[in-house]
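Morning, everyone. I'd like to walk you through a structure, going from single residues out to the whole chain and back again. Have a look at it first, and then I'll start with a question.

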Amino acid sequence: MGIKIQMLIQVAKGSADVIIVDDNFTTIINVAKWGRVVDINIQKFVQFQLTVNVVALMVNFVSTCIPGSDPLTAVQLLWVNKIMDMFGALALTSEPPSDELTERPPDGRGENFITRVMWSNIIGQSIYQLAVLGLLMFDWKQLLKIRGPGGDSVFNNFIFNTFVFCQVSIVTVCFK
């Protein structure tokens, strides 16, 4: 009988995602807190990534279709990717576990991972950024008063810097 129980314990340990090695109930509470905080932080990361990617895609698509040139080059998009990874790592560590997490009901299996609040933040930030960048892209000559042979390169750098600063503004929305 004892050998069968030991075998069942080994099978359970092999198939488990989390193994609690002590008989302390506070360990179970801490595991639940950390699990919920990781879930929240992953949601923040996904919200941030989706917003940045939607704006980058729309800026390049619209500016390629209408004026005929893309303001964000491949190298600049790689830099944005590096910046996103840095802020993404920040998102995964931004929320410490708290006692309020134990009062929050667990998410059901049928619930969406991206909540309505997340969708409203993604859409709101995307519209804000697209409005700012669209204003600059289509009315930049009157707004910036850049003339001369290097005007287009200065304009593209200005659009890139504005895009990056807009991503920094997302951090305040995603990580609050």
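So, which residues does S126 touch, once you set aside those up to four places away in sequence? The answer is T51, V54 and V55. Before I go on, please keep in mind that this is a predicted model.

Let me stay with S126 for a moment. You'll find S126 in helix α5, which covers residues 116-144. Is S126 buried or exposed? It's buried, because its relative accessible area is 5% and the buried class is anything under 20%.

Now, what does the record say about that stretch? UniProt, in an unreviewed entry, puts the feature "transmembrane region" at residues 118-138 and at residues 158-175. In the model, residues 118-138 come out as 100% helix and 0% strand. The C-alpha atoms at the two ends of that segment are 29 Å apart.

Also in helix α5 is W119. With a relative accessibility of 42%, W119 counts as partly exposed. Take W119 and Q47: they're 72 residues apart along the chain, yet their C-alpha atoms are separated by 8.0 Å.

Okay, zooming out. How many helices and strands are there? We have 6 helices and 0 strands, so if you read along the sequence the pattern is simply α-α-α-α-α-α. The protein has 176 residues, and 28% of them count as buried. The exposed surface adds up to about 11800 Å², with carbon and sulfur atoms supplying 65% of that. And here's one about contacts: take the ones between residues at least 6 apart in sequence, and 80% of those join residues at least 24 apart.

Next, the inside. The largest nonpolar core has 19 residues, and the members touching the most other members are F48, V52, V80, I159 and F163. Which elements give two or more residues to this core? Those are α2, α3, α5 and α6. Helix α6 gives the largest share, 7 residues. If you want one core residue to click on, try V80: beyond its neighbours within four places in sequence, V80 is in contact with V52, F160, F163 and V164.

While we're on α6, have a look at T162. That residue sits in helix α6, residues 151-174. T162 counts as buried, because its relative accessibility is 14% and the limit for buried is under 20%. What does T162 contact, leaving aside neighbours within four places in sequence? V132, L133 and L136.

Now over to the surface. There's a nonpolar patch made of I20, F25, I28, I29 and V31, and together they have about 410 Å² of accessible area. V31 is the one I'd like you to find, in helix α2, which runs over residues 25-65. At 33% relative accessibility, V31 counts as partly exposed.

Two glutamates to finish. Where is E95? It's in the loop between α3 (74-92) and α4 (100-103). E95 is partly exposed, with a relative accessible area of 28%. Not counting residues up to four places away in sequence, E95 touches V37, N41 and K44. Pick K44 out of those: E95 and K44 are 51 residues apart along the chain, and their C-alpha atoms are separated by 9.7 Å.

The other one is E103, in helix α4. Why do we call E103 exposed? Because its relative accessible area is 67%, and exposed means over 50%. C-alpha to C-alpha, E103 and K33 are 9.9 Å apart in space, with their positions 70 residues apart in sequence.

To recap: a chain of 6 helices and 0 strands, with a largest nonpolar core that takes two or more residues from each of α2, α3, α5 and α6. And back to my opening residue: S126 on α5 is buried, touching T51, V54 and V55. That's all from me, thanks.

Key:
Residues numbered from 1 in each chain as written. Predicted model: local features only at pLDDT ≥ 70, side-chain atom pairs only at ≥ 80, totals over all residues. Heavy atoms only, no water. Helix = DSSP H or I, 4+ residues; strand = E, 2+ residues; numbered from the N terminus. Buried < 20%, exposed > 50% of the residue type's maximum accessible area, 1.4 Å probe, protein only. Contact = heavy atoms within 4.5 Å. UniProt positions renumbered as here; feature names shortened; annotations may be inferred. Patch = residues over 30% accessible without salt bridge, like charges linked within 9 Å, V, L, I, M, F, W, Y side chains within 5 Å. Areas by Shrake-Rupley, 256 points an atom, 1.4 Å probe, with all protein chains shown as cover. Salt bridge = Lys/Arg side-chain N within 4 Å of Asp/Glu carboxyl O. Core = buried A, V, L, I, M, F, W, Y, C linked by side-chain atoms within 4.5 Å.
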